[in-house]
Amino acid sequence: MSPFNSGTRSESSSPVQKNVKKWWKESTVYQVYPASFKDSDGDGIGDIQGILSKLDYIKSLGANILWLNPIFCSPQVDMGYDISDYYNIYRPYGTVEDLDQLIAAIHERGMKLVLDLVVNHTSDQHRWFQEARSSKANPYRDWYIWRKPIYGEDGKPQPPNNWKSYFGGSVWEYDEPSGEYYLHLFAKEQPDLNWENPYVRAAVHDIIRYWLNKGADGFRMDAINLISKDQNFPNAEITNPDSPWQDGTKHFACGPRLHEYLQGIGKILKQYDAFSVGEMPEVYDLNEMLRSVGSDRNELSMVFHFETVSLDHGPGGKFTSRKWELHELKTIVSRWQTFMHENNGWNTLYLENHDQPRIVSRFGSDEPEYRVPSAKMLATFLGFQSGTLFIYQGQELGMPNVPKHWGINQYRDIETLNHWNEITSNAPQNTPLHEACLAEYRLKSRDNARTPMQWDDSPNAGFSSVRPWLPVHDDYQSLNALDQVNDKESVYHYWASVLRLRKAYPDVLVYGSFELLSPEHPDLFVYARMASSGRAVIVTNFRPHEVTWSVPEKAFNSSGDVALSSYPGRTSHSLLQPTVTIKPFEAFVWLSGTETSRL
């Protein structure tokens, strides 16, 4: 079997209806990072009223679901992923009344709203945790995960095991008054909830019902596969002998009771016909993913996996370098596309979000002469696969990563800053190691996607009337939404064409099967989508130079047409030759078997 079609059948053999149609399968999600989207009140921070003012822009693009990153009360240690009150809004973003107004406006436009649900952990400022740490006898103590220390030869308390935190150091923080450690997989200000406690599960279910009753249409669930931990909390295998803290994910990623917990959530979501997408890091087993998203499982609609966006992570983790090859991307995409289609699961289509850098800088080229064609190519590559499509704010403009001159003092992301502090504590600055880290931050730091949205060429890019919380990218005068909306050849209008084409031919471009074509070609990613009503071939060149393509036999026929092309002049006739020249970062979509027209 070809490595490009290495998806295997699910372990489950129970018959289920194939390709069940759902509203969320045919939808496109537009993700808004509230702090960086639009500031309406002049404090340098985006807000709900700012989002409200730009709804028609999002609708005109063609998206019909709006996903908001966390908007609830938070000390903002991790940009809202540390929630201190699930029932109220972070004041700089607005009020519950502002959110009610936004929900009504979204629904008036025939769109839907997805909220970010963070329930693996809370803020240490949440009332629950404040109660929990007040006394070992407090009823809320067991809402979090506490363990006694291990004492070293010096008599000092040591963490209960050697697991490392996602944000550096140990996952355990010592609480001196009680003499115990609490678990935090992320920052020490983000203590993990104890899902073994039925009262915790009931409280989460109450939060879900509350916001669905308020008009939310679903949730993106942060780090949801981490909610079940191995209750023995064993030491992790030592894979990095240079560190006292080791990767313990095998003990808490998809733990023993995960699917029980997800089915408890799924039962509520089903009652509301609600949308759900789970963030599931550290999982590469497709059968494990299928247990969460299978159409007969009643758990989640879909999940974010991390296999594609980890391609450039080096042996020392995210902030070390790795050069990836196109055949690796082909293998990953083919496996997920084929497996989910054959086993009645569902994919998410994303490469960029608030945690991932800009795709034009990472998978294409942000050089001036190539930014637009590579942005269009990546829109084509991603936009016609099988799954629900996610577009992150600014992706529809081809916004790039932060400027190459940024120094560490311009970053705000806790993950980046903690990593920098860790390496600078062990070595003086201005070494080759530090320069290498800065280069990786400019490529992969989360701040790359968090620079303010570039609305026009006025001061602060039209985002705010004052200096924003994070610097605006230098290129806003030549790259902004106003210019692109007025330019029919822009990246924005190309993305709009992608979404119109998906909506026009859902049987083929949403529900159709997937086949990789020309799998061994080193520069082109070519695939077909097929259904009884028609067939599509999607051709994308990942290189900044022309390449030659030997067209597979029967790839095209005279009855088809080029429905979308990133370069003018690409015709169906030009594809009926045995060899075709593909331009730098060129992309096009060919359709057959159904009435087609160039968009």
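Trainee: Which residue follows helix 3, and is its phi positive or negative?
Mentor: Helix 3 is followed by Gly110, whose phi is positive, near 75°. Before we go on, keep in mind that this is a predicted model, in which local features need pLDDT of at least 70 and side-chain atom pairs count only at pLDDT 80 or more, while totals for chains, interfaces and linings use all residues. Residues are numbered from 1 along each chain as its sequence is written, and side-chain values use heavy atoms, with hydrogens and water left out.

Trainee: What makes the stretch 96–108 count as a helix, and how does its span compare with the expected one?
Mentor: Helices are DSSP runs of H or I with at least four residues, strands are runs of E with at least two, and both are numbered from the N terminus. Helix 3 has 13 residues, and the expected span of a helix is 1.5 Å times one less than its number of residues. From its first C-alpha to its last, helix 3 reaches 18 Å, close to the 18 Å expected.

Trainee: Which residues of helix 3 are called buried, and what do they pack against?
Mentor: Buried means under 20% relative accessible area, exposed means over 50%, and partly exposed lies in between, with a 1.4 Å probe and protein chains only. By that rule Val96, Asp98, Leu99, Leu102, Ile103, Ala105 and Ile106 are buried in helix 3. Contact means heavy atoms within 4.5 Å, and the partners of these buried residues include helix 1 (48–53), strand 4 (85–89) and helix 5 (198–213).

Trainee: Why is helix 14 said to agree with the expected span?
Mentor: Its 14 residues, 491–504, should span 20 Å, and the end C-alpha atoms are 20 Å apart, so the two values agree. Helix 14 is also mostly covered, as 11 of its 14 residues are buried, among them Trp495 and Arg502.

Trainee: Why is Gln477 called exposed?
Mentor: Its relative accessible area is 52%, and the cut-off for exposed is over 50%, so the word applies. Gln477 is found in the loop between helix 12 (432–444) and helix 13 (481–485), where it touches Asp457 and Asp483, not counting residues up to four places away in sequence.

Trainee: Why is Ala461, in the loop between helix 12 and helix 13, called buried?
Mentor: With a relative accessible area of 0%, Ala461 falls under the 20% limit, so it counts as buried. Ala461 also has a positive phi of about 60° although it is not a glycine. That sign deserves a remark, because most residues other than glycine have a negative phi.

Trainee: Which term, buried or exposed, fits Asn344, and why?
Mentor: Asn344 is buried, because its relative accessible area of 11% is under 20%. Asn344 lies in the loop between helix 8 (326–342) and strand 14 (348–349), and its phi is positive, about 60°, although it is not a glycine.

Trainee: How many helices and strands does the protein chain have, and why is the chain called as compact as a globular protein of its length?
Mentor: There are 15 helices and 22 strands in the protein chain. The radius of gyration, taken over C-alpha atoms, is set against the globule rule, 2.2 Å times the number of residues to the power 0.38. The value for the chain is 24 Å, close to the 25 Å that the rule gives for 599 residues, so the description holds. Of those 599 residues, 61% count as buried.
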